[in-house]
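Hello,

Here is the structure I promised to pass on to you. Please have a look at it first, and then read my notes below.

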Amino acid sequence: MKTTNPVLARLGQAAERERAAGYAQPGPYGQPGYPQQYAPYQQQYPTGVGYPAAPPTVTPMTLDDVVVKTVLLLGILGASAAAAWVLVPDALVGVAWIGAAMVGLVLGLIISFSRMANPALVVAYSIVEGVFVGMVSKAFDTLYDGIVLQAVVATFGVFFLMAMLYKARVIRATPKFARIMISVMAGLFAVMLINLVLALFGVNTHLRDGSPLAIGFSLVCIVVASLSFVLNFAEIEDGVRMGLPQRYSWTAAFGIVVGLVWLYLEVLRLLSYFQGDD
């Protein structure tokens, strides 16, 4: 199963590498995670007597691990956003916004294409992304009082709704569903990139100006971002079932945080369209 999230898409590949190396597999004597290449030694010393240098086992990732890491990263992101909101002067909001966006993009790409889970980079990303979210939120709140709280509530409301629908199997991550989502996501990102480039040259495509077209585009983005969580949940579930090492819970949590930030920004933008002029 593939996912629209490039980070979580690598979980299955990582599991295959770990299993090929002999980790995270049940041992012949009921010892989970015992490397298969040491099976002869285990048979010779079934109780561990006479084999003092037994290799360490690898603890498999669980759903609780992903939940704890996700909450931790969101807490770090929220604290960073709050600190940036309070400490960064109004005159430097734009600079901090752009700087954090660029650094966050670089860190996100490094994490996405890295072969190993790196908790330090994931935490660093959450801090930087917190600054970015904090600056965006401050700019919107300056124009529309109370809009940030509305966007936060709506974002987490959608996320928990999708989690419940997935758990109840109301929405399933079928291969056809995944193919459609991947195609739609690729199309959306292409449109957003083209729109950004045109905006830099002063061309208004009316996709982000509050027009009916902009409202429709934001609604499409919100729906797609919400449905993408179904694929993320399925990928994490597969990783847990395949016995992925515990450290990959950081990678899985990072992927969920990325999706939540995207959903929040789209909800924030949509709500701003209905605020009216002050």
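**Pockets, a cavity and helix packing**

The second largest pocket has a volume of about 550 Å³. It is lined by 18 residues, and L63, V67, F159, A163 and F233 are the closest to its centre. Two or more residues of this lining come from each of α3 (63-87), α6 (147-167) and α8. By class, the lining of the second largest pocket splits into 14 nonpolar, 1 polar and 3 charged residues.

Before going further, please note that this is a predicted model, in which local features need pLDDT of at least 70 and side-chain atom pairs count only at pLDDT 80 or more, while totals for chains, interfaces and linings use all residues. Residues are numbered from 1 along each chain as its sequence is written, and side-chain values use heavy atoms, with hydrogens and water left out.

A few terms will help. A pocket is an open set of points on a 1 Å grid over the protein atoms alone, with protein on both sides within 12 Å along at least five of seven lines; a cavity is a set where a 1.4 Å probe fits but cannot get out, and lining residues have an atom within 4 Å of a point. Volume means the space filled by probe spheres set on the points, which are joined across faces, edges and corners. Ala, Val, Leu, Ile, Met, Phe, Trp, Tyr, Cys and Pro count as nonpolar, Asp, Glu, Lys and Arg as charged, and the others, Gly among them, as polar.

Now the largest pocket: about 1700 Å³ of space lies in it. Its lining has 40 residues, with L105, F132, F189, W262 and L265 nearest the centre. At least two lining residues come from each of α4 (93-113), α5 (119-143), α7 (175-200), α8 and α9, and α4 gives the most, 11 residues. The lining of the largest pocket holds 26 nonpolar, 10 polar and 4 charged residues.

How many cavities of 30 Å³ or more does the whole structure have? The search finds 1, and the volume of this largest cavity is about 40 Å³. I111, S114, M116, A117, N118, L121 and T251 line the largest cavity; 4 of its lining residues are nonpolar, 3 are polar and none is charged.

As for the fold, the protein has 9 helices and 0 strands (DSSP runs numbered from the N terminus: helices are H or I, at least four residues; strands are E, at least two). Of its 278 residues, 44% are buried (under 20% relative accessible area, 1.4 Å probe, protein chains only).

Two helix pairs may interest you. Helix α8 (residues 212-241) packs with helix α9 (residues 248-273) at an angle of about 165°, their axes 9 Å apart (axes are lines fitted to C-alpha atoms over the stretch in contact, and angles run from 0 to 180 degrees between N-to-C directions). This makes α8 roughly antiparallel to α9 (an angle over 145 degrees). Their contact has 18 nonpolar, 4 polar and 2 charged residues. Helices α3 and α5 pack at about 45°, with axes 7 Å apart, so α3 is oblique to α5 (neither under 35, over 145, nor 65 to 115 degrees). Here the contact residues are 12 nonpolar, 5 polar and 3 charged.

Best wishes

Key. Buried means under 20% relative accessible area, exposed over 50%, partly exposed in between (1.4 Å probe, protein chains only).
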